[in-house]
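Hi,

Here is the structure I promised to send over. Have a look at it first, and then read on for my notes.

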Number of protein chains: 2
Amino acid sequence: MEKEFVFGHQNPDTDAIGTAIAFSYLQNKLGYNTEAVALGEPNDETAYALKQFGFKAPRVIKEAAPEVKAVMLVDHNEPQQSVSDIDKVKVTHVVDHHRIMNFNTADPLYYRAEPVGCTSTIVWKMFNEFGVEIPEKLAGLMLSAIISDTLLLKSPTTTDDDKKAVKALAKLAGVNYNEYGLAMLKAGTNISNKSEEELIDLDAKSFELNGHNVRVAQINVVDLPEALERKDAFLKAMKTSAQDNNYDMFMLLITNILDSDSEALVVGSDETKSFFEKAFNKELSDSEAKLPGVVSRKKQVVPPLTDAFNA
Amino acid sequence: MEKEFVFGHQNPDTDAIGTAIAFSYLQNKLGYNTEAVALGEPNDETAYALKQFGFKAPRVIKEAAPEVKAVMLVDHNEPQQSVSDIDKVKVTHVVDHHRIMNFNTADPLYYRAEPVGCTSTIVWKMFNEFGVEIPEKLAGLMLSAIISDTLLLKSPTTTDDDKKAVKALAKLAGVNYNEYGLAMLKAGTNISNKSEEELIDLDAKSFELNGHNVRVAQINVVDLPEALERKDAFLKAMKTSAQDNNYDMFMLLITNILDSDSEALVVGSDETKSFFEKAFNKELSDSEAKLPGVVSRKKQVVPPLTDAFNA
């Protein structure tokens with residue numbers, strides 16, 4: 001059978017990379033010929049998880065079409081978050097937990113989306129449905145993906161299915177998920193070795209909101225005051241990035257993973273800043289606002305912003 | 001829990017209506033509050049299946065938003081095949097076996113598509129995955145849907161999953177699927193009691209192909225020559241419909257369900273007709289072309305047309 005690539009979104013996180021490896025393994029067991037690849041290097045947290053369970057980082061591809069005719073997507077479907085030449089290959093499978101947007105195909109395909117906290121939770125269900133055993137190390141990687149996306153089951157995106165998957169996978173992997181999870185999340189919070197330009201691009205996504213091009217980046221920390229010492233440098237990097245990329249608004253969410261609170265930094269026009277203030281019912285003070293309890297870009301940031309921009 | 005509608009596409013067939021009833025039953029067992037409705041009256045074949053297994057036809061709705069805030073779609077996803085006010089309601093679930101096109105959501109949702117012959121085959125798998133028992137009569141209705149979509153497992157869209165589902169559902173329903181299936185298919189082939197205008201609208205779908213509005217209708221018969229006696233009247237009705245609805249091309253596939261061959265009638269501009277000829281590598285003779293072995297609009301008609309319109 002002709003080879004297909006399996007990969008997650010650009011600026012890959014632990015779900016994008018871990019679930020690509022897991023789904024590729026499952027599909028190969030089912031008779032497909034796939035290779036898990038990535039659209040970027042692993043971040044610190046993902047590197048920690050890969051090392052912990054003995055996986056090498058998937059090789060990074062810039063284009064798919066020179067090597068394969070068909071691909072399988074995990075953890076994304078929107079073309080602008082996918083490989084640059086996604087329009088030149090056939091998508092045969094998608095497993096995802098996001099909204100569906102601008103995703104069109106010529107042929108019927110396998111598409112499995114569920115509104116759960118992590119794509120690995122869905123892949124865990126598929127392993128069970130197909131009766132395929134999950135190897136110990138792979139269980140650890142899938143566990144890492146769910147811990148990452150749900151911030152150790154504390155994000156409001158967390159569902160009962162995610163909790164069940166975490167318990168089952170932790171057992172298979174032979175780890176205490178609370179201890180391991182905190183260590184893994186902390187591994188992703190070292191911001192001291194990175195420039196502000198790097199940090200605002202590590203986990204950043206673009207959204208088109210009522211004709212406005214909005215960028216929302218997120219970084220996880222364990223010490224908010226330490227991160228905010230670099231506020232002026234963050235704002236400067238965000239302004240430059242917004243100018244270079246025509247973002248009408250750039251929002252950086254700095255999330256304390258220990259107490260599940262965030263601080264938002266926002267640059268943009270007076271109009272887009274007013275949309276932000278309306279969305280969160282908060283006034284920006286010197287480009288900054290506290291967002292207590294907000295940890296999920298998907299569930300707690302994009303929907304209110306979408307409403308405010310459309311109102 | 002607030003009520004949601006479950007429905008299939010416009011011009012409903014046995015899959016659209018039967019699977020809406022089956023998926024609504026499953027979702028209600030899982031704790032949702034749903035009502036299966038339809039976007040049109042059942043055709044003769046579907047009416048036969050409903051009667052055979054003791055179901056009433058679902059009530060026909062013209063709009064969803066006046067009654068519900070959220071809906072579940074089966075057997076379709078393209079907005080122009082759905083309820084007229086689909087943009088006014090939230091889609092929470094989709095179960096389908098078609099390509100994905102122009103389907104966009106604001107939020108994550110449950111989406112389950114597989115490239116199998118019939119949506120009921122996927123719903124049958126879901127009953128098994130959730131461990132919900134399928135009542136005898138419902139099994140018969142789901143069986144009818146699969147027989148309809150796969151032309152008794154003879155269409156090239158038929159997969160091993162469809163065959164497994166047919167065997168399991170026939171057992172649950174206590175029927176011989178070959179005997180019952182042929183009787184049901186034949187019940188849908190009586191064209192003598194319908195006008196050409198009715199026949200070209202019974203099972204018709206619209207597709208946007210590279211900016212062209214293309215209508216593809218299909219009727220099943222057991223006697224092709226008898227159907228072709230009405231060719232001029234069909235062409236006249238197709239021309240009128242194309243004018244009234246701004247179709248750039250109208251194609252009618254007349255399928256002999258006994259020998260799995262089709263005859264195509266085509267009206268449109270010289271340009272769109274040339275796309276048809278390129279798609280099937282056949283010259284139209286007096287607006288007509290033989291398409292031996294072609295029975296599936298989805299697998300054997302839309303993909304080559306899409307390629308030809310995009311080339």
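What covers the buried residues of helix 11 of chain B? Before the reply, please keep in mind that this is a predicted model. The cover includes strand 6 (204-209), strand 7 (212-221), strand 8 (249-256) and helix 10 (270-280) of chain B. Helix 11 spans residues 297-310, and 11 of its 14 residues are buried, so the rest of the structure largely encloses it. Among the buried ones are V301(B), V302(B), L305(B) and F309(B), but also R297(B) and K298(B).

The sheet behind this is an open one of five strands in chain B, with the order 6-7-8-9-10 and mixed pairing. Strand 6 and strand 10 (288-291) are at its edges with a single partner strand each, so one side of each has no neighbour in the sheet. On average, neighbouring strands are turned by 25° against each other, direction ignored. Helix 11 of chain B packs on this sheet, where it touches strand 6, strand 7 and strand 8, and its direction makes about 155° with that of strand 7. Strand 9 (residues 261-268) and strand 10 of chain B run antiparallel and are joined by four bridges; A264(B) stands opposite A289(B) in strand 10.

Now to the charged pairs, which you may want to look at for your own work. Over all chains, the structure holds 35 salt bridges. Three in chain B:

- K69(B) pairs with E2(B), with the closest N and O atoms 2.9 Å apart. K69(B) lies in the loop between helix 2 (44-52) and strand 3 (70-74) and E2(B) in the segment before strand 1 (4-7), so the pair ties together parts 67 residues apart in sequence. K69(B) is exposed, at 59% relative accessibility.
- E196(B) pairs with R230(B), again with closest N and O atoms 2.9 Å apart. The pair links helix 7 (residues 196-202) to the loop between helix 8 (224-228) and helix 9 (231-245), 34 residues apart. E196(B) is buried at 15%, and R230(B) is buried at 19%.
- D286(B) meets K231(B) at 3.4 Å, N to O. D286(B) is in the loop between helix 10 and strand 10, K231(B) in helix 9, 55 residues apart. D286(B) is exposed at 59%, whereas K231(B) is buried at 10%.

There is also a network in which salt bridges with shared partners join R112(B), E114(B), K125(B), E129(B), D161(B) and K164(B).

As for cysteines, the structure holds zero disulfides over all chains. C118(A) is buried at 0% relative accessibility, and C118(B) is buried at 0% too.

Best wishes

Terms used
Residues are numbered from 1 along each chain as its sequence is written. Chains are lettered from A and ligands numbered from 1 in the order in which they are written. This is a predicted model: local features need pLDDT of at least 70, side-chain atom pairs count only at pLDDT 80 or more; totals for chains, interfaces and linings use all residues. Side-chain values use heavy atoms; hydrogens and water are left out. Buried means under 20% relative accessible area, exposed over 50%, partly exposed in between (1.4 Å probe, protein chains only). Helices (H or I, at least four residues) and strands (E, at least two) are DSSP runs, numbered from the N terminus. Contact means heavy atoms within 4.5 Å. A disulfide is a pair of cysteine sulfur atoms within 2.5 Å. Two strands pair if DSSP finds at least two bridges between them. Axes are lines fitted to C-alpha atoms, for helices over the stretch in contact, and angles run from 0 to 180 degrees between N-to-C directions. A salt bridge is a side-chain nitrogen of Lys or Arg within 4 Å of a carboxyl oxygen of Asp or Glu.
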